[in-house]
Amino acid sequence: MSQSALPALAEVIRSGFTEGRHRGSLVLLDADGAVEYALGTPELPVYPRSTAKPFQAVATLRAGLDLHGEQLALAASSHSAEPFHRAAVRKLLAGAGLTEAALRLPADLPLDEVEAEELLRSGGERAPILMDCSGKHAAWLAASAANGWNLESYLDPDHPIQQLARTALEEAVGERAAHLGTDGCGAPLLAVSLTGLARGYRALLLADPGTEQRRVADAMRAHPEYVAGTRRADTWLMRAVPGALSKMGAEAVQVVALPDGRALAFKIEDGAERARGPVLAAALRRLGLADPVLDRIAAAPLHGGGAVVGEVRAAF
C-alpha cells in the first residue's frame, strides 16, 4: 500500500477548512493480544526508532549490568536533557569509570524546546550528552566496560551488546528483523512490524516479576520523568494511568501497553510530530481508556495572527 493509499490518521483543520492530512498505520490489541482494530498496514515492517529502547535496556541487564530505578529507566529513555537527566547520565558513566567523552553519538540540542532555548540563552551549545539517546548509550558503555568489551565499537551491529539488543527485540516482538539500518544516534536500527511492537510491549508488562523484561517495564513506569521529561506526553500518561507503559520514537512512532494486556502501536507516515498527540489520545479512547490526561495529550492547536484558528485532530 503506497503512502497516498494509507488512511488518514489525523487531519489539519484551519479556519474550518481541511488543510491537510497525516496518513499512517495503527493497530490496537485487546487484553488477550488479538488485533481488535487496525488501520493501514500494521503487519508490515517499520523502523521502531526509540520505541526499541526498552528492549535495548533489557540487553544491558542481560549483559550483567545491574541497573535499578532511575538509572534503568534512563537506559530506556528518550530524555529531554533536563538537568536531572544530564546528571544521571554522568553518574551512570562515572560508575563505570567513564566520562561523556566515551559517548559515540552526535552532538545535539535538548529534545525539549524549553530546555534547548534555555541552553542557548545561557551560552550553551550542542553536545553528545544532550542528545535524547545518551542514557541508552551510557548504559551500553557501562555494560561493555563491565564485560571488557571494546568501547570504541559498541555501536557495531556485531558487538556483543548489539547482539543482545537484537535478540531481546526479536524475542519480544516474535519476528526476525526485516531490515538493518542506522538510527539517528548511530545505533543499529531493526525494522519490525507495528503489530509486533504492540505485542512486544504487552510482553514487557506481562512478564514475570524479576525478569529482565519486567524490571525494565517497572522502572519506566515508576520513573517516567527519566524516560521522557517533565513536559512530555509519555510522562503525563504514565503518571496519570496506573500501570501504563508508553514510549515515543522519532518519525512519529508510538507504542503503549496497559497492565491488563491491551496495547497499541502506530506510525504516522510523514513523521509529523504535531499529529502524534491527537492520534495517541484517540487510539487510547478507542481502547476504552477514559482519563482527563487524554485531553492534554490530544491538544494540538493551530495559530494564525497570534490566535488559535484551528487544530490537528484524529481522523478515526
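# Legends for close-up views

**View A. Q56 counts as buried because its relative accessibility is 10%, under the 20% limit for that class.** The model shown in this and the other views is predicted. Q56 is part of helix α1, which runs over residues 53-62. Apart from residues up to four places away in sequence, Q56 touches K136, W140, A165 and P188. W140 and P188 return in the next view, where both are among the contacts of Q162.

**View B. Q162 is located in helix α6, residues 160-173.** The relative accessible area of Q162 is 5%, so this residue is buried. With neighbours within four places in sequence left aside, the contacts of Q162 are W140, Y154, L155, D156, P157 and P188. For W140 and P188, contact with Q56 is also found.

**View C. A salt bridge joins the side chains of E115 and R86, with an N to O distance of 3.5 Å.** The two partners belong to distant parts of the chain, 29 residues apart: E115 is in helix α4 (residues 113-121) and R86 is in helix α3 (residues 83-95). Are E115 and R86 buried or exposed? Both E115 and R86 are buried. The pair also belongs to a network of salt bridges that links R86, D112, E115 and R231. In general, side chains of opposite charge can pair when their charged atoms come close.

**View D. D218 and R214 form a salt bridge through their side chains, at 3.1 Å from N to O.** Why are the two residues about one helical turn apart? D218 and R214 lie four residues apart in helix α8 (residues 212-222), which means a separation of about one helical turn. D218 has 31% relative accessibility and therefore counts as partly exposed.

**View E. Helix α8 has the buried residues V216, A217, A219, M220 and R221.** Which elements are included in the cover of these buried residues? The helices α1, α2 (69-75), α7 (194-206), α9 (224-227) and α10 (233-240) are included, and so is strand β7 (245-249). Helix α1 is also where Q56 is found. D218, in the same helix α8 as R214, is partly exposed at 31% relative accessibility.

**View F. E273 and R276 form a salt bridge in which the closest N and O atoms are 2.7 Å apart.** The two partners fall into separate accessibility classes: E273 counts as partly exposed because its relative accessibility is 42%, whereas R276 counts as buried because its relative accessibility is 8%. A search of the whole structure finds 21 salt bridges.

**View G. S15 is a residue other than glycine with a positive phi, near 55°.** S15 is placed in the loop between β1 (8-14) and β2 (17-29). The relative accessibility of S15 is 60%, so S15 counts as exposed. Most residues other than glycine have a negative phi.

**View H. A81, also a residue other than glycine, has a positive phi near 60°.** A81 occupies a place in the loop between α2 and α3. The relative accessible area of A81 is 0%, and A81 is therefore buried. Helix α3 also holds R86, the salt-bridge partner of E115, and helix α2 is included in what covers the buried residues of α8.

**View I. The whole protein is shown for context, with twelve helices and eleven strands.** The C-alpha trace spans about 60 × 50 × 35 Å along its principal axes. The radius of gyration is 19 Å; a compact globule of 316 residues would have a value near 20 Å, so the two agree. Of the 316 residues, 54% are buried. Among contacts with a separation of 6 or more, 61% are between residues 24 or more positions apart. The accessible surface is about 12700 Å², and carbon and sulfur atoms account for 49% of that area. The protein has 32 positive and 38 negative charges, and the mean positions of the two sets are 2 Å apart.

How values were computed:
Residues numbered from 1 in each chain as written. Predicted model: local features only at pLDDT ≥ 70, side-chain atom pairs only at ≥ 80, totals over all residues. Heavy atoms only, no water. Rg over C-alpha atoms; globule rule 2.2 N^0.38 Å. Buried < 20%, exposed > 50% of the residue type's maximum accessible area, 1.4 Å probe, protein only. Contact = heavy atoms within 4.5 Å. Areas by Shrake-Rupley, 256 points an atom, 1.4 Å probe, with all protein chains shown as cover. Lys, Arg positive; Asp, Glu negative; His and termini not counted. Charge placed at Lys NZ, Arg CZ, Asp CG, Glu CD. Salt bridge = Lys/Arg side-chain N within 4 Å of Asp/Glu carboxyl O.
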